[in-house]
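I opened the notebook to record what I looked up in this structure, beginning with the sheet and going on to single residues and charged pairs.

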Amino acid sequence: MTATDADGLLLPVVDEDGAPFWEYTARGELRVQACAAEGCGKPRFPPRPCCPHCQSFDSEWRRMSGRGRIWSYVLPHPPLLPAYAAQAPYNAVVVELADAPAIRLVGNVVSGPDAPLDSVDPARLRIGAGVRAVFCPDASGLTLVRWLLER
């Protein structure tokens, strides 16, 4: 299932398991779900009802520092979806979280919270580059997590 905004840009689909993630981003907090079972405690993403490690249904939402590193990235040429053509060249990154290296989030590196997707020169992107989360409210009412390059 895919949702789009009025401009044809893709939007996250909020489900019951992931709803707390979006509630925290609206408050400017990056949190990931973790197992709350004694002896496990492993973080998991995407959120789901059951721990994939110990099968516990106990969970909590742990606050992350918002720091990470670029694990991978791509510059879509040409953009696969017409709504993104005006923003090319833009990036799509996979960020490995510093606090939970097994957790990787997908997003975009931008120059600021309100900056467009093409606001960072693609030549500045490197695997392993440090990034930090920035929270970007969008027209759909969700607050997206995007990334700023650390200096």
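I started with the sheet of this predicted model, and I found 5 strands forming an open sheet in the order β8-β7-β6-β9-β10, with antiparallel pairing. I noted that β8 (104–107) and β10 (143–149) stand at the edges, and because each has a single partner strand, one side of each is left without a neighbour in the sheet. From one strand to the next, I read an average twist of 45°.

I then looked at how β8 is held to its partner: β7 and β8 run antiparallel and are joined by 4 bridges. Within this pairing I picked out V95, which stands opposite L105 in β8. Turning to what covers the sheet, I saw that helix α1 (residues 19–26) packs on it and touches β9 (130–137) and β10, the direction of the helix making about 60° with that of β10.

Next I followed strand β9, where P137 lies. I asked myself whether P137 is buried or exposed. Its relative accessible area is 58%, which is over the 50% cut-off, so I entered P137 as exposed. Leaving out residues up to four places away in sequence, I found that P137 touches L142 and T143. I also checked P137 against A36, and the two are 101 residues apart in sequence and 30 Å apart in space, C-alpha to C-alpha.

I moved on to I127, which lies in the loop between β8 and β9. I entered I127 as exposed because its relative accessibility is 51%. Which residues does I127 contact, leaving aside its neighbours within four places in sequence? I listed I70, W71, S72 and Y73. From I127 to V93 I noted 34 residues in sequence and 9.5 Å in space, C-alpha to C-alpha.

For the nonpolar surface, I recorded a patch formed by L10, L80 and L81, which together have about 310 Å² of accessible area. Of these I looked up L80, which lies in the loop between β6 (67–74) and β7 (92–97), and which counts as exposed at 78% relative accessibility.

I finished with the charged pairs, for which the count comes to 7 salt bridges. One of them joins the side chains of E29 and R63, at 3.8 Å from N to O. I noted that this pair links distant parts of the chain, with E29 in the loop between α1 and β3 (31–35) and R63 in strand β5 (residues 59–63), 34 residues apart. I entered E29 as buried, with a relative accessible area of 12%, whereas R63 is exposed at 52%. I also saw that R27, E29, R31 and R63 are linked in a network of salt bridges.

Another salt bridge joins the side chains of R62 and E60, at 3.0 Å from N to O. Here I entered R62 as partly exposed, with a relative accessible area of 27%, and E60 likewise as partly exposed, with 34%.

The last pair I looked up is R67 with E150, a salt bridge in which the closest N and O atoms are 2.9 Å apart. Because R67 lies in strand β6 and E150 in the segment after β10, I noted that the pair ties together parts that are 83 residues apart in sequence. I entered R67 as partly exposed at 40% relative accessible area, and E150 as partly exposed at 33%.

Terms used. Residues numbered from 1 in each chain as written. Predicted model: local features only at pLDDT ≥ 70, side-chain atom pairs only at ≥ 80, totals over all residues. Heavy atoms only, no water. Patch = residues over 30% accessible without salt bridge, like charges linked within 9 Å, V, L, I, M, F, W, Y side chains within 5 Å. Areas by Shrake-Rupley, 256 points an atom, 1.4 Å probe, with all protein chains shown as cover. Salt bridge = Lys/Arg side-chain N within 4 Å of Asp/Glu carboxyl O. Helix = DSSP H or I, 4+ residues; strand = E, 2+ residues; numbered from the N terminus. Buried < 20%, exposed > 50% of the residue type's maximum accessible area, 1.4 Å probe, protein only. Pairing = 2+ DSSP bridges. Axes fitted to C-alpha atoms, helices over the stretch in contact; angles between N-to-C directions. Contact = heavy atoms within 4.5 Å.
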